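Me: I'd like to learn how to read the contact between two chains. Could you walk me through one?

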Amino acid sequence: MGLRLEDFSTYARNTWCPGCGNFGIERAAKLAFAELVNEGKIRRENIVMVTGIGCHGKIADYINVNSFYSLHGRAIAPAVGIKLANPMLEVLAFVGDGDALGEGLEHTVFAAKRNVDMTVIVHDNRVYALTTGQFTPTSPKGFRGGSTPRGAPEEPLNPIELMLVSGATLVARAYSVNLNHTKELVKQAVLHKGFAFIDVLQPCYTFFDTYKYYGPRVYDLQKEGHNYADLDAALAKAREWNYGGEEAKRIPIGVFFKTDKPTYEDIVLAGRSLREGVVPSISRVLQRSM
Amino acid sequence: MAQEYSVLIGGQAGDGIRLAGSSVARLFNRLGYWVFAYNDYQSLIRGGHNFTVVRASGKRVQAHRNTVDIMVAFNQETVEKHGWRLKEDSLVIFDSDNVKAEGLGLPLSETARKRNLPLIVRNTAALGALASTLGLEFHLVEEVVRSTVRRSVEENIAVAKEGYDMAKGYRGFTQVHAVNNPPRPILSGNEAIGLGAVKAGLKLYVAYPMTPSTPLLHYLAGNADELGVTVVQPENEIAVIGMAEGAAYAGVRTMVGTSGGGFCLMVEHLSLAGQAEIPVVIMLGERPGPAIGLPTYHAQGELFFPIFAGHGEFPRIVVSPGDPEEAFYLSAEALNLAWRFQVPVILVADYSLLESSFSSFLDEDKVLVENPKLWTGGGEYKRYLLTGDGVSPLAFPGTVGVTVKANSYEHDEYGITTEDPVLTMRNAEKRLAKSRTIEDELRKRETVKTYGNMQADTVLVTWGSTKGAVVEVAEEHDFGVLQPLYLNPLPVWEIEKHFSGKKNIVCVEANSTGQLARWIRFHGFRVDRTILKYDGRALTVDELEEKIREAGV
Ligand SMILES: Cc1ncc(C[n+]2csc(CCOP(=O)(O)OP(=O)(O)O)c2C)c(N)n1
Ligand code: SF4
Ligand SMILES: [Mg+2]
């Protein structure tokens, strides 16, 4: 008998609000891990979750696999280091929208640019939830929160578009309510050899309840024959929804873009392993400095 | 007094002054001299004024003097700026194609121009001329050229020979005799730090360029295959340390290098290393601040910064080598201690240590990769197992049956987040226990160095490369010298021993506030006075003599 979802649970007491979209992401991740292990595609001990700080980050405590619970905005750089250290590991960064698109945006862009073989899953609730509801880079203009009682003054950033132009080799969007679809995307991302990015629309029941907004708008790109090998088509689909508000009609989810490129660690390591190797003699180097 | 010679080479950025200085140092090295080469350059790529002072002596020297015996001037500015360094019998060798001066003018530029070689090749003509005035055999010049020049080697040798012959009227002007010593490697602090870390198992070096740590980045990248190390340059210093911590978590010995500004950006991650117990070595190169300050100059302004950087309370080790030999052993020790205790170790190194070159003898067999406390199986793995010494066994992701949970929140033994008051206190105590374990270990190791006459009433206390001038002057005055190699924890057990009965305790350092003096006083000791230097230049022997006289020490 294979692993089940429960086999990935920990004793940590869950402190997400009832109705939080994070539950969907947690379930999807556990199911994806269980299925991938059961299918013999990955090994459980090789899974490493790296998380940022925010409500999303708590997922590190809730899933019983290796984890590195990092700083706010700083999950992705350690994830890159982990992958370089041991390319056998399946490295997934579970990050927040404030976390990886605000505080630590540079690491997200550069990991995509390098095509590190890893997965980034954004718990995109479009709000700083753990700090009680301020606007983030993906909040709609006019978002009212503790710091913007008159509405956020900025236009949102479109992470899908950003990742497409940054060099990510798998770019997708999920909706945490669609458990099966999210799980399948996570599986695909883990198996993808290269940088995979999934922006998961994750309603924050407490500070930005978007269930009613997303429900009627989301549709699956893969059901409408989108050609994910075509970057221009992907960009066009990315721009169909700019993380705005009521005016938007349809919100595509699924795979926007997928391609193959050499990975960063393959290039940088060139077959070397950092975890073994003898200590070299330095006598020749010293000889040359005389 | 031992025979000694000082040669200054000056020109513009782009003239290859540093390389020329290195060739001169190699020349003396082949004659058995101890050499020290101080590089003074500006933060620009072309133009400006660069110079190198090479001091060679029959005894070990690790600082330069103000005066020089020979000046090699590639431009007029060199003559104008450094005229004051000349003595009665000093000689100026200059490029008569663009410099007017008294002395030995030679058409150095022309030697390169007429062969259609880049202007920089005139350096080899100057080297030949210098060797001639020192009364040396030409084969020495040829050997040096072959060891330093990569392209157009034969042409360079021909140019050197031309310079050598052109100067024959001054042959033996300052006759140098070989001393009976084998040549030694000439290393900068940057190079020695890289080599030491490699001998302690370094596999990954991560850095973003910033003077004076950039040469370490280049050195390890340039010798990556031979040294078995992978070098990575990420988007900024936050990523640098983040990547390093990720790699260390996954079991790889990692070091990062930066200078003050970059270290500022790393500070939050430093605290993470403290909380999550991640071994990482940070090479912190010092240059004058605040802010961008003087990018390519010298200071020791970062003693308190590495000791106190980071929020919260956590154990850390701060080491401070004073020459490349110490840099080699301490860099290795830093990596070993980081892994044994799963703590951040900061290696502070000042500009002059990092960017000057010193005759050095490194015994690579003296460095071992010390084993960390590894998990040996049996029972359930707990990343943060509470132990008496505060050190939990390490395991790495990828180990069957093991879940490794590193956590920047306060956590339980498994690494799961907690806000429990009892666990919070227990973890703080775990960190305190670790601090004590570290101190116990350091008591068994060499944590200070002493020089000169430690029975004397006066002891000069110093850190970093300032010890070069301090040791030399102390020996002349029959003073003692105490140099802490460890700044945190400060080896109070040694200080206590060496300060006892001293009448006059003087701290010498390159900053304006006397940070070492304050730090020592903070630990309850007396420091009678400070001699401080903060003009961005390394202390010279003559300058220290003068300051000691002025201070009436
Ligand atoms: C350097 C730093 N700045 C600020 C914070 C405070 N902080 C904690 S979580 C958070 C926002 C989290 O928002 P997001 O990343 O979107 O995660 P969410 O809570 O929405 O899942 C902030 C600002 C911090 N921990 N560290
Ligand atoms: S505040 Fe929002 S994101 Fe955080 S747990 Fe509650 S519902 Fe979820
Ligand atoms: Mg958020």
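Reply: Here is a short tour of the interface, one feature at a time. Keep in mind that this is a predicted model, where local features need pLDDT of at least 70, side-chain atom pairs count only at pLDDT 80 or more, and totals for chains, interfaces and linings use all residues. Residues are numbered from 1 along each chain as its sequence is written, chains are lettered from A and ligands numbered from 1 in the order in which they are written, and side-chain values use heavy atoms, with hydrogens and water left out.

Me: How many residues does each chain bring to the contact?

Reply: Contact means heavy atoms within 4.5 Å. Chain A brings 54 residues and chain B 64 residues.

Me: And what area is buried between chain A and chain B?

Reply: Interface size is often given as the accessible area lost when the parts come together. Buried area is just that, taken with a 1.4 Å probe and summed over both parts. Here you get about 4,700 Å², with 59% from carbon and sulfur atoms. On the chain A side, A:Leu71, A:Ile282 and A:Met290 lose the most area to chain B, together 14% of what that side buries.

Me: How many salt bridges cross the interface?

Reply: A salt bridge needs a side-chain nitrogen of Lys or Arg within 4 Å of a carboxyl oxygen of Asp or Glu. The rule finds 3 between chain A and chain B. One of them pairs A:Arg114 with B:Glu235, at 2.5 Å, N to O.

Methods:
Buried area = accessible area lost by both parts, 1.4 Å probe.
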